[in-house]
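Colleague: I would like to learn how to read a structure like this one. Could you take me through some features?

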Amino acid sequence: MEINRKNNLFKLLEEVTFIKDEELNQAIKKGQWLTIRWTYKRFIELYGKEKQPYLLDCAIMFLGILQQNMRYYSLAYESNRDYDFVVRYSVKRMKSIVDEVYEKKEQLFKPELVERLIGDKNNSKYSQELLIQTISDLKKIIQVEENHNKYTELLEFIQEELTEAKHPRQHLIAISLDNIKANEQIAQTEELQTLEKFIKGT
């Protein structure tokens, strides 16, 4: 939010949508969906996997709430703005929304939609972006683990083999993955399951 504020990105994005440049507009749309996916994954960490089917809806609602709160807060207070407060205020409003949609089992968007709208999963550039993002998310998750340095090295080895090697050494990748999966808590994360599916598909 600080980067957006300093560079006036919200206004820039609003203006750029009027430019008739299809490639640019598609890139902006993809960026918006990437932001939604990132928020959706953070909501899974916050609210738990049992609420996952409803959290894409909540991520989209949250970003709408945050954007409008920021817009009118900026208009109302020209000085002494506390953007951190606006973000925290917006996040706090989500708990009751999450609880309500989960209780009523109401769903607007299916979670798999976000991956489809981001891009073609068979596209190598898209796949590589997804791999790097997944490994980055895993590195954050394992920071609380006792042997996090070991797991970080294994993840970095897997990433190097899959993104830089002409002929990835699948047996070494499999051994590295098994070592990470030996930790039950890491093995149960959505991110590791995504990484395993990616490895099996290569």
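Modeller: What follows is a short walk through helices, salt bridges and buried residues. Keep in mind that this is a predicted model.

Colleague: How do I check the length of a helix, and what span should helix α8 have?

Modeller: Multiply 1.5 Å by one less than the number of residues. Helix α8 covers residues 148-164, which is 17 residues, so it should span 24 Å. Its end C-alpha atoms are 23 Å apart, so the two values agree.

Colleague: How far apart are the end C-alpha atoms of α5?

Modeller: They are 33 Å apart, and the 22 residues of α5 should span 32 Å, so this agrees as well. Just after α5 comes Lys105, with a positive phi near 55 degrees.

Colleague: Which residues of these two helices are buried?

Modeller: A residue counts as buried when its relative accessible area is under 20%. In α8 the buried residues are Tyr151, Thr152, Leu154, Leu155, Ile158, Gln159, Glu161 and Leu162. In α5 they are Tyr83, Val86, Ser90, Met94, Val98 and Val101.

Colleague: Take Thr152 as a case. What does Thr152 touch?

Modeller: Thr152 lies in helix α8 and is buried because its relative accessibility is 15%. Leaving out residues up to four places away in sequence, Thr152 touches Lys139, Ile142 and Gln143. You can read Thr39 in the same manner. Thr39 belongs to helix α3 and has a relative accessible area of 5%, so it is buried. With residues up to four places away in sequence again not counted, its contacts are Ala59, Phe62 and Leu63.

Colleague: Now the charged side chains. How many salt bridges are there in the whole structure?

Modeller: Look for a side-chain nitrogen of Lys or Arg within 4 Å of a carboxyl oxygen of Asp or Glu. A search of the whole structure gives eight salt bridges. One of them joins Arg42 and Glu45, at 2.9 Å from N to O.

Colleague: How many residues apart are Arg42 and Glu45 in helix α3?

Modeller: They are three residues apart in α3 (residues 22-47), which means about one helical turn lies between them. Arg42 is buried, since its relative accessible area is 15%.

Colleague: And what is the N to O distance between Glu100 and Lys104?

Modeller: That salt bridge has an N to O distance of 3.5 Å. Glu100 and Lys104 are four residues apart in helix α5 (residues 83-104), so about one helical turn separates them. Glu100 is partly exposed, at 41% relative accessible area.

Colleague: Arg169 and Glu161 form a salt bridge too. Is each of them buried or partly exposed?

Modeller: Arg169 is partly exposed, because its relative accessibility is 40%. Glu161 is buried, with a relative accessible area of 7%. Their side chains meet at 2.6 Å, N to O. Salt bridges can also link up into a network, as with Lys51, Lys95 and Asp99.

Colleague: Last topic, helix packing. At what angle do the axes of α8 and helix α9 cross?

Modeller: The axes of α8 and α9 (residues 170-181) cross at roughly 150 degrees and come within 10 Å. Angles over 145 degrees count as roughly antiparallel, so α8 is roughly antiparallel to α9. The crossing is left-handed.

Colleague: Which residues meet there?

Modeller: From α8 there are Tyr151, Leu154, Leu155, Phe157, Ile158, Glu161 and Leu162. From α9 there are Leu172, Ile173, Ser176, Leu177, Asn179 and Ile180.

Definitions and conventions:
Residues numbered from 1 in each chain as written. Predicted model: local features only at pLDDT ≥ 70, side-chain atom pairs only at ≥ 80, totals over all residues. Heavy atoms only, no water. Buried < 20%, exposed > 50% of the residue type's maximum accessible area, 1.4 Å probe, protein only. Axes fitted to C-alpha atoms, helices over the stretch in contact; angles between N-to-C directions. Parallel < 35°, antiparallel > 145°, perpendicular 65-115°, else oblique. Left-handed = near helix turned anticlockwise from the far one by under 90°. Contact = heavy atoms within 4.5 Å.
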